[in-house]
Amino acid sequence: MVNNNQVTQTISLEQYGIKNAKVKYQLSPKKLHDIAIEKGQGVETSSGAIAVNTGEFTGRSPKDRFIVKDDITKDRIWWGDINIPFDSNKFDALYNKVVNYLSSKELYVRDCYACADENYKLNIRVINEFPWSNQFASNMFLRPTETELENFTPEWTIVNAPNFMAVADEDGTRQHNFAILNFTKKIALIGGTGYTGEIKKGIFSALNFILPVYKDTLPMHCSANVGKDGDTAIFFGLSGTGKTTLSTDPNRSLIGDDEHGWTNENTVFNFEGGCYAKVINLSRDNEPEIFDAIKPGAILENVILNNKGEVAFGDTSITQNTRVSYPIHHIENIKKPSIGKNPKNIFFLTADAFGVLPPISKLTPSQAAYHFISGYTAKVAGTEAGVLEPQPSFSACFGAPFMPLHPSKYAEMLSKKMVDAGVNVWLVNTGWTGGPYGVGTRMKLKYTRAMINAVLNGDLGLYNYNDYHIHSVFGVAQPRSCPGVPTSVLSPRATWNDDEAYYTTAFKLTNAFRENFKKFEAYCSEEIRRGGPQRYAF
Ligand code: ATP
Ligand code: MN
């Protein structure tokens, strides 16, 4: 149900330098949905959701994401291509331009927070140029109660002006769009792009600094759910590897689909209040919970509708990155509040387009640390037919673009927590089987789910030597059988029917692992280095 409760109070934006704005404060999702449609910024779909186009950008723009270099950040941030420094005077000048631009406009403002655990709560005020961006904030952040709203003191501010265009030479940006974090002023300044993911990942990046630096808490780019016995599972993985898909499981309560913290009080909590699922090729048969979450209140992005207002989920003419955001309560089986105990199992999801990693394998603590620092997945080289060469892609901590500190900081925290909590760590290849991209096929979702269920139900213990096989190239423990999965699928080599091609490709991947790991070697113990693949090409 869309929340119709209307907050009547309003607020002034003068303190932000925004003058004479017509402030629409804390509108209900329904109201925002209606306004966006009235303004021609969206259309209602047959299931009652709103469909919008985010404009020029249909994904994040990592090269235009900056962090203001100041006393708080200068010696702490891992500066480089990922965390690009921004001058603090330039920030002030650009901020002034943006708030001038926003002055006298109709603006949508909402107070909300991040972090489901009271002790970590981060109050946020979101100021949007567009009503649907504000509805996105309502879906994705946590929603304060009316009492909480009465005493609300915002700590961070998101200023979001998609139609404001920066002038690179004057403003210190790379081009017209930017997402800049300022830790001293506690502002996320986003302009020139309407892609909503910048809003959620802006706060995620801020928390990835705040939590480890000030609260000794590990932030993680992962999804999480909890079983009937209270056992928590978390799923790390880069975009498209299955965090949202696999954590949404009718038999387990969802904690969250993307961003979590692991505390020293042995709990895991969600940062968010909603989910942001990919909808490319979505079907009710394969993913009924996500499909049914697309109802009033949900926002579809960059999808194509037919003349009955139905979504053509296979149509990628705008982008492959079609999305839906919805508040977490659109999923039936959720954990309230979004907090679980220490994880019992951790899954590292990877979409290996080389098709050489086993569909599931168990990692030793050193292998777990090695794979976490490596953060491997693959990018399929374009989508045109005949392109057979996948590109390996490594992103430290399975989320480098959002991690302001050096990856070793997060890896140390995770390693310690994994050992203390005695968790089992599994590497799951949700990518290709039977050959690389172009030759083989994507792993069936049904099989991946069966493998994960087997782990969670204790049916894949790998206690006896006969239960598993140590992979000769990757050194990981590959189970010999798994309920609900044909045995032939469990051995990637067997699915290829061509040992020479399999090993040649596997060595290509291990060489890429080795090449990538060079930049972390100096920061890692011998034990972690030993967690890497066992064999490389000559
Ligand atoms: P992001 O960080 O961008 O939100 P994500 O890790 O949450 O990414 P998902 O949204 O879960 O990724 O996307 C996984 C996609 O891959 C979905 O479209 C899903 O239907 C598809 N898919 C196909 N086969 C599998 C499989 N075996 N396991 C998981 N997902 C699969
Ligand atoms: Mn996701």
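D216 is found in the loop between α6 (197-215) and β11 (218-226). Its phi is positive, about 50 degrees, although D216 is not a glycine. This is a predicted model. The chain has 15 helices and 28 strands, and 21 residues surround ligand 1. The points below take the backbone, the overall fold, the ligand site and three individual residues in turn.

**Unusual backbone geometry**

- D216 is partly exposed, because its relative accessible area of 45% falls between the 20% and 50% limits.
- Q26 also has a positive phi, near 55 degrees, and is a residue other than glycine.
- The loop that holds Q26 runs between β1 (22-25) and α1 (29-38).
- Q26 has 7% relative accessibility, so it counts as buried, the cut-off being under 20%.
- The peptide bond from K336 to P337 is cis, with omega near -10 degrees.
- P337 sits in the loop between β18 (323-327) and β19 (339-341).

**Overall fold**

- The chain has 538 residues and a radius of gyration of 23 Å.
- A compact globule with that number of residues would have a value near 24 Å, so the chain agrees with the globule rule.
- Along the principal axes, the C-alpha atoms fill a box of roughly 70 × 55 × 50 Å.
- Buried residues account for 60% of the 538 in the chain.
- The chain exposes about 21,700 Å². Carbon and sulfur atoms supply 48% of that area.
- Of the contacts between residues at least 6 apart in sequence, 72% join residues at least 24 apart.

**The site of ligand 1**

- The closest of the 21 surrounding residues are S239, K243, T245, E287 and R323.
- By type, the shell around ligand 1 divides into 5 nonpolar, 9 polar and 7 charged residues.
- G240 approaches the ligand through its backbone: an N or O atom there lies 2.9 Å from an oxygen atom of ligand 1.
- R442 uses its side chain, with a polar atom 3.3 Å from an oxygen atom of ligand 1.
- T448 also uses its side chain, where an N or O atom is 2.9 Å from a nitrogen atom of ligand 1.
- On its own, ligand 1 has 650 Å² of accessible area, and the protein covers 91% of it.
- Three elements give two or more residues to the shell: α7 (243-247), β16 (274-278) and α11 (445-456).
- Helix α7 gives the most, with 3 residues.

**H471, in a loop**

- H471 is found between β27 (468-470) and β28 (477-479).
- The relative accessible area of H471 is 5%, so this loop residue is buried.
- A polar atom of the H471 side chain lies 3.2 Å from the backbone nitrogen of F474.
- Beyond its neighbours within four places in sequence, H471 is in contact with V356, P358, V476, Q478, P492 and Y502.

**I210, in a helix**

- I210 lies in helix α6, the helix that comes before the loop of D216.
- I210 has a relative accessible area of 12%, so it is buried.
- Its contacts, leaving aside neighbours within four places in sequence, are L122, W156, F183 and K215.
- I210 and Y120 are 90 residues apart in sequence. Their C-alpha atoms are 9.9 Å apart in space.

**T377, in a strand**

- T377 belongs to strand β22, which covers residues 376-379.
- With 8% relative accessibility, T377 counts as buried.
- The T377 side chain reaches the backbone nitrogen of A351 at 3.0 Å.
- Setting aside neighbours within four places in sequence, T377 is in contact with L238, T241, T350, A351, Q391, P392 and S393.
- A351 thus appears both in that contact list and as the partner of the T377 side chain.

Definitions and conventions:
Residues are numbered from 1 along each chain as its sequence is written. Chains are lettered from A and ligands numbered from 1 in the order in which they are written. This is a predicted model: local features need pLDDT of at least 70, side-chain atom pairs count only at pLDDT 80 or more; totals for chains, interfaces and linings use all residues. Side-chain values use heavy atoms; hydrogens and water are left out. A residue is near a molecule or strand if one of its heavy atoms lies within 4 Å of it. A polar contact is a pair of N or O atoms within 3.5 Å; within protein, one must be able to donate a hydrogen and the other to accept it, and residues adjacent in sequence count only if both atoms are side-chain atoms. Accessible areas come from the Shrake-Rupley method with a 1.4 Å probe; for residues, only the protein chains shown count as cover. Helices (H or I, at least four residues) and strands (E, at least two) are DSSP runs, numbered from the N terminus. Ala, Val, Leu, Ile, Met, Phe, Trp, Tyr, Cys and Pro count as nonpolar, Asp, Glu, Lys and Arg as charged, and the others, Gly among them, as polar. The radius of gyration is taken over C-alpha atoms; the globule rule is 2.2 Å times the number of residues to the power 0.38. Buried means under 20% relative accessible area, exposed over 50%, partly exposed in between (1.4 Å probe, protein chains only). Contact means heavy atoms within 4.5 Å.
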